[in-house]
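Good morning. Please have the sequence and the structure open while I talk.

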Amino acid sequence: MEKYYLAVDIGASSGRHILGTVKDNKIILEEIYRFDNGMKQENGHLSWDVESLFVEIKEGLKQCKKLGKIPVSMGIDTWAVDFVLLDEENKILGRAAGYRDDRTTGMDEKVYEIISQNDLYKRTGIQKQIFNTIYQLMAVKEKEPDLLKRAESLLMIPDYFHFLLTGEKKQEYTNATTTQLVSPVTEDWDYELIRMLSYPEKLFRPLSMPGTKVGQFTEDIIKDVGFSCTVVLPATHDTGSAVMAVPKVPGRKELQEDILYISSGTWSLMGTELPAADCSIKSMEANFTNEGGYDFRYRYLKNIMGLWMIQSVKKELAGRGEIYSFAELCELASKESIPSLVDCNDNCFLAPESMINEVAGFCQRNNQPVPKSAGEIAAVIYNSLAVCYKETAKELQSITGKTYSSLHVVGGGSNAAYLNELTAKQTGKTVYAGPGEATAIGNLLAQMISYGEFVDLKTARESVYQSFSVKEYKPM
Ligand code: LRH
């Protein structure tokens, strides 16, 4: 009898249900359901449609039933930083705001009136991103104070879905660290900081680690989907799950701390693993973050705007009737010779009305040739990303004092062969690309370790290497 585990992996642009089994120490995946996602404009604000997402989560569960493949456990991971506030009847207060919404404009200054940016970094080790939960909560406190007063609980998006499935409220550690309200020293909520900011303390309950059993489906869910299952926490922050699935070559001495990775999707998260957080000012100035990971390993990384830029361009072109696949955009870009580059970390690319105009505008402002065709725009974006990877690798080497000879690209973006070639060329490092489904695999690994399929993360990562194809790109 196969033993199935189910990962529900929801990214900013799509979600999927993936069943995983272990056979002869190898992980076998089966994607059984897929759906779209995206932030929706609502009265001038960007929000997530969590109700529809939950319908999709249940649809995917029904698909398990239909296939007769009932998982022993399941868990959900999503993008980080976003949350819902619940009232005493567990109804959402306000909306599930999306992190690209501009409600956080100016909220950094409000926070720094209470604690300086340096002190905040020293306490949390988290990179400043204007959309971090700490700034989002300040926006609620400033603009909708009544909601914060009425709030009985705060649940990050995956925690909220786990609650809807089981009736149990758990706050998972890896995603909690992205709030910028967790201490890397105590590895718990920084209650002193929370009090300084006058955020209600009761919203921050004991943290739970990946691998924790949340509970069984409620009676209503069992009736709806046709079976019961144990919900087990993965690293609910998608990047936390993806980095768990960075493969380990069995027998190779190299420690995971000696490896560079990019978790490539809507964002490119580039970094390494550290056994302890680096909260130094040097690290802050380079804008690196220390996100909490499985087994309290730290993901020391930088957020780079990533494939969001090309996703936005693709959508915009489609709106004008110019339909291209990502592969076609890569193909067109590879034929162009436009030398222009943009700074992928510039905030102007976070939520522009038109990405095409924003990229063109950046080039114009910086006296560079302005891209006109789809191929030229794509070329500017891909080249700029590769250059950004090169600079980030250099910064990482200077901060950690290590020299990394290779780079592991995991996640959906690892399929972009053209970008991998550019990355190898720019960084001068061998690029190992794959697995593409790293986030779902990492989600499954936490469950599988919890059920004893693997003794620890290292063994699980060796199995990832043996189970999935990894392509090699040599620097030219
Ligand atoms: C990637 C991601 C990233 C966060 C961002 C909000 O999906 O979780 O790690 O910084 O979304």
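Let me start with some terms. Helices (H or I, at least four residues) and strands (E, at least two) are DSSP runs, numbered from the N terminus. Two residues are in contact if their C-beta atoms, placed from the backbone, lie within 7 Å. Axes are lines fitted to C-alpha atoms, for helices over the stretch in contact, and angles run from 0 to 180 degrees between N-to-C directions.

Now the ground rules. What you see is a predicted model, in which local features need pLDDT of at least 70 and side-chain atom pairs count only at pLDDT 80 or more, while totals for chains, interfaces and linings use all residues. Residues are numbered from 1 along each chain as its sequence is written.

With those terms, take helix H15, residues 374-400. H15 lies across strand S16 (260-264), strand S17 (268-274) and strand S19 (298-304). Against S17, H15 runs at about 20 degrees.

Those strands belong to an open sheet of seven, with the order S18-S19-S17-S16-S20-S21-S22 and mixed pairing. Pairing here means that DSSP finds at least two bridges between two strands. Which strands stand at the edges? They are S18 (289-292) and S22 (471-473); each has a single partner strand, so one side of each is left without a neighbour in the sheet. On average, neighbouring strands of this sheet are turned by 30 degrees against each other, direction ignored.

At the S22 edge, S21 (residues 430-433) pairs with S22 over three bridges, in the antiparallel sense. Tyr432 stands opposite Glu472 in S22. After S21 there is a loop leading to helix H17 (438-450), and Pro435 is found in that loop. The peptide bond joining Gly434 and Pro435 is cis, with omega about 0 degrees. Another loop to look at lies between helix H11 (281-285) and S18, and it holds Asn287. Asn287 is not a glycine, yet has a positive phi of about 60 degrees.

Next, a second sheet. Three strands form it in the order S8-S7-S9; it is open, and the pairing is antiparallel. S8 (92-93) and S9 (153-156) are at the edges with a single partner strand each, so one side of each has no neighbour in the sheet. Four bridges join S7 (residues 83-86) to S9, and Val84 stands opposite Leu155 in S9. Helix H6 (residues 157-166) packs on this sheet and touches S7 and S9, its direction making about 105 degrees with that of S9.

On to the domains. The protein is divided into domain 1 (66-232) and domain 2 (238-306 + 386-473); such bounds come from an automatic or database domain assignment. Their C-alpha centres lie 24 Å apart. How many residues of each are in contact with the other? The count is 25 residues of domain 1 with 25 residues of domain 2. On the domain 1 side, strand S6 (71-78), helix H3 (117-124) and helix H7 (173-176) each supply at least two residues. S6 gives the largest share, five residues.

Where does the ligand lie? Domain 1 and domain 2 both give residues to the shell around the ligand, so it lies between them. There are 14 residues around the ligand, and Trp79, Ala80, Asp238, Thr239 and Trp267 come nearest. Near means that the C-beta atom, placed from the backbone, lies within 6 Å. The shell has seven nonpolar residues, six polar and one charged. In this count Ala, Val, Leu, Ile, Met, Phe, Trp, Tyr, Cys and Pro are nonpolar, Asp, Glu, Lys and Arg are charged, and the others, Gly among them, are polar.

Last, the record. In an unreviewed entry, UniProt places "domain: Carbohydrate kinase FGGY N-terminal" at residues 4-244 and "domain: Carbohydrate kinase FGGY C-terminal" at residues 260-450. UniProt positions are given in the numbering used here, feature names are shortened, and annotations may be inferred rather than shown by experiment. The span 4-244 is 35% helix and 28% strand; the span 260-450 is 46% helix and 17% strand.
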